[in-house]
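User: Please take a close look at one part of this model. How is that part placed within the chain, and what surrounds it?

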Amino acid sequence: MTRAALLPAIAQTPAPAPKVAVAQTNDAIAQELLRLVNVERRRVNAAPLVLNEKLTAAAQRHAQDMATSRRMSHTGSDGSTMRSRIDATQYRWSTIGENVAMGQPTPAAVMRAWMNSPGHRQNILNPAFTELGVGQATGGGRIYWAQVFARPR
């Protein structure tokens, strides 16, 4: 049995994001994670999030990098950070956050894990965020997940 792992967003220093081709996030997975996030936000009277293409690109790039390097971290294998990955998409943000996880087999399982972790839960329910990006990739027999939260300028 694979042990699932989680990491909440942490403060980061900027580093350049990789310039690599990245597989598309499965739209059904992105829509299901968005739905599950908004179910939780509705419970605390927080406005629903909407998917953003640029944030999804940043999340997918990071999920794919974690799967390729077979390590879960907020820092990419090339030293990239949450901020540098989002900035590389030219998304103009005022506030950002990131959740990552590894090992959960489904959107429901990763959401349960994130909601049972105070730091991840805080990102999911944060009323300052208005948009979401979702990434998911497989490497070494494990699934890697990334959520990117933001509010545009």
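Analyst: **Helix H4 and its surroundings**

In H4, the buried residues are Pro107, Ala109, Val110, Met111, Ala113, Trp114 and Met115. Here buried means a relative accessible area under 20%, exposed means over 50%, and partly exposed lies in between (1.4 Å probe, protein chains only). Because 7 of the 9 residues of H4 are buried, this helix is largely enclosed by the rest of the structure.

The model is predicted, so local features need a pLDDT of at least 70 and side-chain atom pairs count only at pLDDT 80 or more, whereas totals for chains, interfaces and linings use all residues. Residues are numbered from 1 along each chain as its sequence is written, and side-chain values use heavy atoms, with hydrogens and water left out.

The chain as a whole provides the setting. It contains 5 helices and 5 strands, where helices (H or I, at least four residues) and strands (E, at least two) are DSSP runs numbered from the N terminus. Read from the N terminus, the order of elements is β-α-β-α-α-β-α-α-β-β. Of the chain's 153 residues, 51% count as buried. Contact means heavy atoms within 4.5 Å; among contacts with a separation of 6 or more, 74% join residues 24 or more positions apart.

The pairing of H4 with H1 comes next. The axes of H1 (residues 27-43) and H4 (residues 107-115) come within 10 Å and cross at roughly 35 degrees. These axes are lines fitted to C-alpha atoms, for helices over the stretch in contact, and the angles run from 0 to 180 degrees between N-to-C directions. The crossing of the two helices is right-handed, that is, the near helix is turned clockwise from the far one by less than a right angle. On the H1 side, the contact is made by Ile29, Glu32, Leu33, Leu36, Val37 and Glu40, and on the H4 side by Pro107, Ala108, Val110, Met111, Trp114 and Met115. Sorted by class, this contact holds 10 nonpolar residues, 2 charged residues and no polar ones. For that count, Ala, Val, Leu, Ile, Met, Phe, Trp, Tyr, Cys and Pro are nonpolar, Asp, Glu, Lys and Arg are charged, and the others, Gly among them, are polar.

A general point helps in reading such lists. An α-helix has 3.6 residues a turn, so residues three or four places apart point the same way.

Within H4, methionine 111 touches Leu33, Leu36, Val37, Glu40, Ile124 and Gln147, leaving aside residues up to four places away in sequence.

The partner helix deserves its own description. With 17 residues at 1.5 Å a residue, H1 should span 24 Å, and its end C-alpha atoms lie 25 Å apart, which agrees; the expected span is 1.5 Å times one less than the number of residues. Buried in H1 are Ile29, Ala30, Leu33, Leu34, Leu36, Val37, Asn38, Glu40 and Arg41. These residues pack against H4, helix H5 (118-125), strand S2 (50-51), strand S4 (131-139) and strand S5 (142-152).

Beyond the end of H1, asparagine 45 sits in the loop between H1 and S2. Its phi is near 60 degrees, a positive value in a residue other than glycine. Asparagine 45 counts as exposed because its relative accessible area is 73%.

Both helices also contribute to a nonpolar core, meaning a set of buried Ala, Val, Leu, Ile, Met, Phe, Trp, Tyr and Cys residues joined through side-chain atoms within 4.5 Å. The largest such core has 20 residues, of which Leu33, Leu49, Met111, Trp114, Ile124, Leu132 and Trp145 touch the most other members. At least two residues of this core come from each of H1, H4, H5, S4 and S5. H1 gives the largest share, 6 residues. Apart from this core lies another, of 19 residues, including Ala58, Ala67, Met72 and Ala137.

Elsewhere in the chain, methionine 66 belongs to helix H2 (residues 53-69). Methionine 66 is buried, with a relative accessible area of 1%. Not counting residues up to four places away in sequence, methionine 66 touches Arg71, Met72, Ser73, Val100, Tyr144 and Trp145.
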